[in-house]
Amino acid sequence: KINYIEEKKPLGTAGSLYHLKKNENQTVLVSNCDIISDADYGDIIDYHRSNKALATMVVRRYENRNPYGVISTKGNRFLAYDEKPFSQENINAGIYVFESKVFKFLKKDKYFDMTELFIYLEKKKKKVIVYPIYENWQDFGQKNK
């Protein structure tokens, strides 16, 4: 079953979830509309539940390779050389799982972004976890570079 929430004014990526407040004792999966993924949503929900989390953010490994040799210095002194360094980071994949208790933290018609919600829940010492995906994933909100 798919439900849609239509905003009268922009409420950010999490603000409109306030309208799910009446759905008590439910697990809710939220996905950004510009995300396409081969991730197993059932497995994501099972992981969330088995970890007894209040909120789960799906993350994807992002790899960045610098095409240049990087020089470390202190003032004008040469310290080190790193040829075309490579880094990996977890990025927000735009897919989330929540227990409906989360929605009580939101206010009616108040702008609230998903990042703010996760930071808020973490500050309140709520169980917030991540679920890494390795499957195909595409954010169609970003232009290919």
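A salt bridge here is a side-chain nitrogen of Lys or Arg within 4 Å of a carboxyl oxygen of Asp or Glu. Keep that cut-off in mind for the opening stop, and remember throughout that you're looking at a predicted model.

**Stop 1: the salt bridge**

Select Glu-83 and Lys-84. Their side chains meet in a salt bridge, with N to O at 3.5 Å. That distance passes because the cut-off is 4 Å. How many salt bridges does the rule give? The count comes to one. Now show the surface around the pair: Glu-83 is partly exposed at 43% relative accessibility, and Lys-84 is partly exposed too, at 40%. As a rule, side chains of opposite charge can pair when their charged atoms come close.

**Stop 2: a nonpolar patch outside**

Next, pick Phe-78, which sits in strand E5, residues 77-82. Is Phe-78 buried or exposed? It's exposed, with a relative accessible area of 52%. Add Ile-71 and Tyr-81 to the selection and you have a nonpolar patch on the surface, formed by these two with Phe-78. Together the three offer about 340 Å² of accessible area.

**Stop 3: into the largest core**

Time to hide the surface. The largest nonpolar core has 21 residues, and the ones touching the most other members are Leu-17, Phe-98, Phe-103, Met-114 and Leu-117. To see where the core draws its residues from, colour strand E1 (27-31), strand E3 (55-65), strand E6 (86-99) and helix H3 (114-123): each of these gives two or more residues. Which element gives the largest share? H3 does, with four residues.

Centre on Met-114 and show its surroundings. Leaving out residues up to four places away in sequence, Met-114 touches Thr-13, Ala-14, Leu-17, Val-30, Tyr-96 and Phe-98.

There's also another core, lying apart from the largest one. This other core has 10 residues, including Ala-39, Ile-44, Ala-93 and Tyr-131.

**Stop 4: Leu-121 on H3**

Stay on helix H3 and slide along to Leu-121. With 0% relative accessibility, Leu-121 counts as buried. What does Leu-121 touch, if you skip residues up to four places away in sequence? You should find Leu-54, Ala-55, Val-102, Phe-105, Lys-126 and Val-128. Draw a C-alpha to C-alpha distance from Leu-121 to Val-102: the two are 19 residues apart in sequence and 8.3 Å apart in space.

**Stop 5: two backbone oddities**

Most residues other than glycine have a negative phi. Now look at a pair of residues with positive values. Asn-25 isn't a glycine, yet its phi is about 55°. You'll find Asn-25 in the loop between helix H1 (12-15) and E1, and at 70% relative accessibility Asn-25 is exposed.

Then jump to Lys-125, where phi is near 65°, again positive in a residue other than glycine. Where is Lys-125? Look in the loop between H3 and strand E7 (128-133). Lys-125 is exposed, with a relative accessible area of 73%.

**Last stop: colour by confidence**

Finish by switching to pLDDT colouring. The chain's mean pLDDT is 92, and 97% of its residues reach 70 or more. Which elements mark the extremes, lowest and highest? Strand E8 (residues 137-139) has the lowest mean pLDDT among the elements, at 83, while helix H2 (residues 41-50) has the highest, at 98.

Methods:
Residues are numbered from 1 along each chain as its sequence is written. This is a predicted model: local features need pLDDT of at least 70, side-chain atom pairs count only at pLDDT 80 or more; totals for chains, interfaces and linings use all residues. Side-chain values use heavy atoms; hydrogens and water are left out. Patches are made of residues with over 30% relative accessible area and no salt bridge: like charges are joined within 9 Å, nonpolar side chains (Val, Leu, Ile, Met, Phe, Trp, Tyr) within 5 Å. Accessible areas come from the Shrake-Rupley method with a 1.4 Å probe; for residues, only the protein chains shown count as cover. Buried means under 20% relative accessible area, exposed over 50%, partly exposed in between (1.4 Å probe, protein chains only). A nonpolar core is a set of buried Ala, Val, Leu, Ile, Met, Phe, Trp, Tyr and Cys residues joined through side-chain atoms within 4.5 Å. Contact means heavy atoms within 4.5 Å. pLDDT is the predictor's confidence in each residue, from 0 to 100.
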